[in-house]
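User: Hi! Could you walk me through this structure, starting with its surface and ending at the ligand?

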Amino acid sequence: MTQSIKLPLNKKVNLANFDPNYTGKYKSKKEMRKRLLKTQAEIIELQELLYAESKHALLIVLQAMDAGGKDGTIKHVMGAINPQGCDVVSFKVPSDEEASHDFLWRAHKAAPSQGKIVIFNRSHYEDVLVTRVHNFVSESTWKKRYDQINNFEKILAQNQITVLKFFLYISKDEQKARFRERIENPDKHWKFSPADLRERAHWDDYMEAFEDVFNRCNTKWGRWHIVPANDKRYRDLVVAETIAKALRGLNMKYPEPSVDIENISIDDIV
Ligand code: ATP
Ligand code: MG
């Protein structure tokens with residue numbers, strides 16, 4: 001069985017057709033680990049090039065249900081790269097200042113400048129997910145937001161920002177197992193919040209809201225990837241390989257030296 005991870009354009013998505021347990025062609029965890037190490041090393045090199053060239057930027061959007069693995073993905077995929085060229089921005093309940101602006105204001109402010117990678121841990125998509133599920137805004141308001149998001153992402157793409165969007169897809173059973181671990185393991189208590197159970201009660205509403213996101217906001221300038229995420233190693237590998245491929249595709253070059261390097265000899269330096 002194969003499963004398309006990069007969502008095809010204009011194809012209706014039904015999450016029931018995606019298997020969160022899928023682990024592709026990999027036979028063992030060892031094989032995945034080896035491959036991840038190789039891909040991480042490649043991302044480190046490509047990020048340096050991105051930073052040096054400063055003609056492009058990368059925005060990575062991570063969305064998931066609670067315990068879906070956003071933090072783990074950030075740690076494993078981006079953990080080794082130069083922090084100077086990478087920011088992680090978490091989208092929480094909007095502050096008073098954020099709430100007094102349009103919903104895209106905080107996202108646009110946090111978007112990467114040239115040469116940078118920015119990871120959105122949650123994102124502007126919360127404004128068509130949690131806000132919709134909990135009726136924080138009217139239906140007519142959230143329905144307009146899909147087009148607004150597409151236009152926003154188009155502005156980014158037209159300004160050399162590659163937008164890669166990942167939904168880390170875990171099953172409801174897997175979420176329960178991860179909550180159990182957080183409740184039973186004292187070192188993980190800090191990760192557990194009663195809000196997680198409140199949101200879990202709306203699982204089906206969230207799946208419906210996610211499907212609408214994929215059906216309305218999967219564009220050629222902002223593609224969604226549905227990452228089977230019950231297996232943490234496979235999840236990390238898929239995200240890492242997608243990022244490496246996107247960076248590779250930018251065909252970057254180190255900039256020309258700003259001085260006539262041929263005429264400079266190390267012996268002239270006192
Ligand atoms: P973790 O629990 O792993 O630390 P998290 O992303 O769940 O990470 P929390 O602080 O637990 O972080 O939760 C942030 C909450 O803020 C989420 O429930 C999210 O839905 C909510 N949120 C984000 N954006 C908005 C928004 N625009 N309107 C309302 N709630 C939002
Ligand atoms: Mg949380």
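User: How much area does the chain expose, and what share of it do carbon and sulfur atoms supply?
Analyst: Happy to help, and please keep in mind that this is a predicted model. The chain exposes about 14900 Å². Of that area, the share supplied by carbon and sulfur atoms is 50%.

User: What percentage of the residues in the chain are buried?
Analyst: Here a residue counts as buried when its relative accessible area is under 20%. The chain has 270 residues, and the buried ones make up 47%.

User: How many helices and strands does the chain have, and why is it as compact as a globular protein of that length?
Analyst: The chain has ten helices and five strands. For 270 residues the globule rule gives 18 Å, and the chain is as compact as a globular protein of that length because its radius of gyration is close to that value, at 20 Å.

User: Now for the ligand: which charged side chains have a polar atom by an oxygen atom of ligand 1, and at what distance is that of arginine 122?
Analyst: Let's take three contacts in turn. An N or O atom in the side chain of lysine 70 is 3.0 Å from an oxygen atom of ligand 1, and for lysine 92 the value is 2.9 Å. For arginine 122, a polar side-chain atom lies from a ligand 1 oxygen atom at 2.6 Å.

User: Which elements give two or more residues to the shell around ligand 1?
Analyst: The protein covers 75% of the 630 Å² of accessible area that ligand 1 has on its own. The elements giving two or more residues to its shell are helix H2 (70-78) and helix H5 (130-133).

Methods. Residues numbered from 1 in each chain as written. Chains lettered and ligands numbered in written order. Predicted model: local features only at pLDDT ≥ 70, side-chain atom pairs only at ≥ 80, totals over all residues. Heavy atoms only, no water. Polar contact = N/O pair within 3.5 Å; in protein donor to acceptor, adjacent residues only side chain to side chain. Areas by Shrake-Rupley, 256 points an atom, 1.4 Å probe, with all protein chains shown as cover. Helix = DSSP H or I, 4+ residues; strand = E, 2+ residues; numbered from the N terminus. Rg over C-alpha atoms; globule rule 2.2 N^0.38 Å. Buried < 20%, exposed > 50% of the residue type's maximum accessible area, 1.4 Å probe, protein only.
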